[in-house]
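Could you walk me through reading a protein model, one feature at a time? I'd like the general idea and then the case at hand.

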Amino acid sequence: MGEKVNLTHGHIGATLTKLALPIMGTSFVQMTYNLTDMFWVGKLGSNSVAAVGTAGFFAWFSFSLILLSKIGAEVFVAQHLGKEDEEGAKNYARSAIHLNMFLAVLYGAFLLSMRHPLISFFNLGDPEVIGLATGYLSIIAVGVLFSFINPVFTAIFNGSGNSRTPFLINLTGLGLNMILDPVFIHGFGPLKPMGVYGAGYATVLAQVIVTVIFIIIMATSRDSFFKINIFKRIDLSRIKIIIKLGLPVGIQNGLFSIIGMVLARIISVYGPEAIAAQKLGSQIESISWMTASGYSTAISAFVGQNYGGKKYDRIMKGYFSGLRLMSFIGIFAMALLYFFAVPLFTIFINDPITVEMGASYLMIIAFSQWFATLEISNQGAFNGLGKTFYPSVVGIVFNLLRIPMAYFFSQDLGLGLDGVWWAITVSSIFKGLVLFAFFYLVVIRKYRKTGEIS
């Protein structure tokens with residue numbers, strides 16, 4: 001099962017789809033992890049959802065650190081395998097793992113030592129929510145090594161063209177999480193209910209099992225590429241190259257998380273129901289953007305291998321093929337979120353105030369879905385070429401604009417909480433349009449003139 005796949009040959013549409021479907025499935029697995037937690041936590045009430053959502057911001061921020069190693073693993077493995085340099089790909093995979101483990105230990109220690117001031121930043125006001133959020137964050141911090149390393153193992157497989165194996169492994173973790181969530185949260189037999197904390201324990205245990213399976217699959221693989229000895233000497237020169245590539249993406253994602261925290265403070269004025277609505281709404285919305293992110297990863301691996309093999313015509317055909325499918329995903333998500341906002345929300349929570357706020361969120365955010373898929377697909381293509389700077393700059397600029405726009409729409413225009421939702425939507429529309437314009441100017445126009453991509 002653990003074998004690499006050459007993406008520089010074969011029918012483009014079939015190759016890209018075969019690669020993309022398991023990656024999209026892996027994204028759905030991650031999304032379902034979150035929705036499963038929210039489904040069972042939602043049964044405990046809005047305070048519990050607000051607590052998990054608040055602590056979840058720091059799990060969200062951790063992904064910016066994961067990206068420092070994940071992007072490098074994905075891109076450099078793909079590019080070196082495209083050049084038929086297996087040893088080089090293997091060395092970059094090892095260095096990405098070393099960097100990832102170091103960052104995981106550092107971040108876990110930071111969360112544990114700073115959990116109280118971190119939660120107090122949100123000015124939640126409700127002592128019960130504050131206590132639950134602090135406890136949940138402590139549990140997540142203890143298991144942070146496993147939540148860090150699994151995306152990098154997944155990236156190594158994806159970069160090699162093998163997206164099926166990480167999908168099946170992550171699916172196993174999801175199945176375990178779905179079983180453990182209700183058992184740990186609500187209790188079963190002699191096991192007492194643990195409430196919000198049970199959701200944290202279930203997630204950590206599932207992640208541990210996923211890590212163990214990855215290690216077993218790689219150690220027993222018939223493909224020598226996956227037999228990566230992490231106990232070899234740390235290569236600082238390669239780690240620096242990996243950081244250089246991943247840093248713009250990491251900064252973008254980190255700022256995105258921080259901006260989300262600032263928006264959460266603005267939203268908190270409207271009560272814990274508003275926080276719960278935003279958190280749950282963003283999880284439901286992830287149906288579209290995590291699907292798009294999965295396809296974006298496939299585009300990145302496809303572009304990376306073909307760029308390494310200097311097959312530029314194949315890159316462009318793959319790019320436009322991906323763009324067409326992503327457009328379909330965006331339009332479908334737009335219709336789903338707008339017309340089924342209330343039914344989608346009531347699956348997870350019954351509080352009428354939270355449902356009303358959340359449905360409004362989904363209906364407004366629906367208008368940005370096609371543009372969001374446009375942004376994400378172009379980001380994948382840029383990443384595959386090793387040009388992470390452009391999508392990062394676009395993301396940083398328009399994400400930062402969300403803060404003044406949120407104040408302007410909600411207060412100056414008198415839209416209240418809906419004004420925050422409109423700020424998110426408008427900025428997403430601009431991100432999609434501007435990044436596509438950059439890709440056209442930087443890559444497509446040059447290719448059409450010279451037949452090459454630099």
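What follows is a chat between a learner and a teacher about this structure.

Q: Before we dig in, what kind of model is this, and how are residues numbered?

A: It's a predicted model: local features need pLDDT of at least 70, side-chain atom pairs count only at pLDDT 80 or more, and totals for chains, interfaces and linings use all residues. Residues are numbered from 1 along each chain as its sequence is written, and side-chain values use heavy atoms, with hydrogens and water left out.

Q: How do I read "buried" or "exposed", and which does Gln-30 count as?

A: Buried means under 20% relative accessible area, exposed means over 50%, and partly exposed is in between (1.4 Å probe, protein chains only). Accessible areas come from the Shrake-Rupley method, and for residues only the protein chains shown count as cover. Gln-30 has 33% relative accessibility, so it counts as partly exposed.

Q: Where along the chain is Gln-30?

A: Helices are DSSP runs (H or I, at least four residues), numbered from the N terminus. Gln-30 sits in helix 1, residues 12–42. Here's a distance to try out in the viewer: from Gln-30 to Phe-226 is 23 Å, C-alpha to C-alpha, with their positions 196 residues apart in sequence.

Q: What's a nonpolar core, and which residues touch the most other members of the largest one?

A: A nonpolar core is a set of buried Ala, Val, Leu, Ile, Met, Phe, Trp, Tyr and Cys residues joined through side-chain atoms within 4.5 Å. The largest one here has 100 residues, and the members touching the most others are Phe-58, Phe-148, Ile-156, Ile-284, Phe-345, Leu-362 and Trp-421. Helix 2 (residues 46–82) gives this core its largest share, 17 residues. Apart from it there's another core, of 34 residues, including Ala-20 and Ile-376.

Q: Let's zoom in on Phe-345. What does Phe-345 touch?

A: Contact means heavy atoms within 4.5 Å. Leaving out residues up to four places away in sequence, Phe-345 touches Ala-277, Leu-280, Gly-281, Ile-284, Thr-354, Val-355, Gly-358, Ala-359 and Leu-362.

Q: How do I spot aromatic pairs, and how many are there?

A: Rings of Phe, Tyr and Trp (its six-membered ring) pair if their centres lie within 6.5 Å; planes under 30 degrees apart count as stacked, over 60 as edge-to-face and the rest as tilted. The whole structure has 22 such pairs. Take Tyr-319 and Phe-439: their ring centres are 4.3 Å apart and their planes are at 25 degrees, so this pair is stacked. It links distant parts of the chain, with Tyr-319 in helix 10 and Phe-439 in helix 16 (residues 417–450), 120 residues apart. Tyr-319 is buried at 1% relative accessibility, and Phe-439 is buried at 1% too.

Q: Which residues form an edge-to-face pair?

A: Try Tyr-338 and Phe-367, at 5.7 Å centre to centre and 70 degrees between the planes. Tyr-338 is in helix 10, while Phe-367 is in the loop between helix 12 (352–365) and helix 13 (369–384). Tyr-338 is partly exposed at 33%, and Phe-367 is partly exposed at 40%.

Q: What is a nonpolar surface patch, and which residues make one?

A: Patches are made of residues with over 30% relative accessible area and no salt bridge; like charges are joined within 9 Å, and nonpolar side chains (Val, Leu, Ile, Met, Phe, Trp, Tyr) within 5 Å. One patch here covers about 860 Å², and its makers include Tyr-338, Phe-340, Phe-367 and Trp-422. Phe-340 lies in the loop between helix 10 (312–339) and helix 11 (341–346), and its relative accessibility of 44% makes it partly exposed.

Q: And salt bridges: how many are there?

A: Side chains of opposite charge can pair when their charged atoms come close. The cut-off is a side-chain nitrogen of Lys or Arg within 4 Å of a carboxyl oxygen of Asp or Glu. There are four in this structure. In one of them, Lys-70 meets Glu-74 at 3.4 Å, N to O. These two are four residues apart in helix 2, so about one helical turn separates them.

Q: Which partner does Glu-375 have in a salt bridge?

A: Its partner is Lys-431, with the closest N and O atoms 3.7 Å apart. Glu-375 is in helix 13 and Lys-431 in helix 16, 56 residues apart. Both Glu-375 and Lys-431 are buried.

Terms used. Accessible areas come from the Shrake-Rupley method with a 1.4 Å probe; for residues, only the protein chains shown count as cover.
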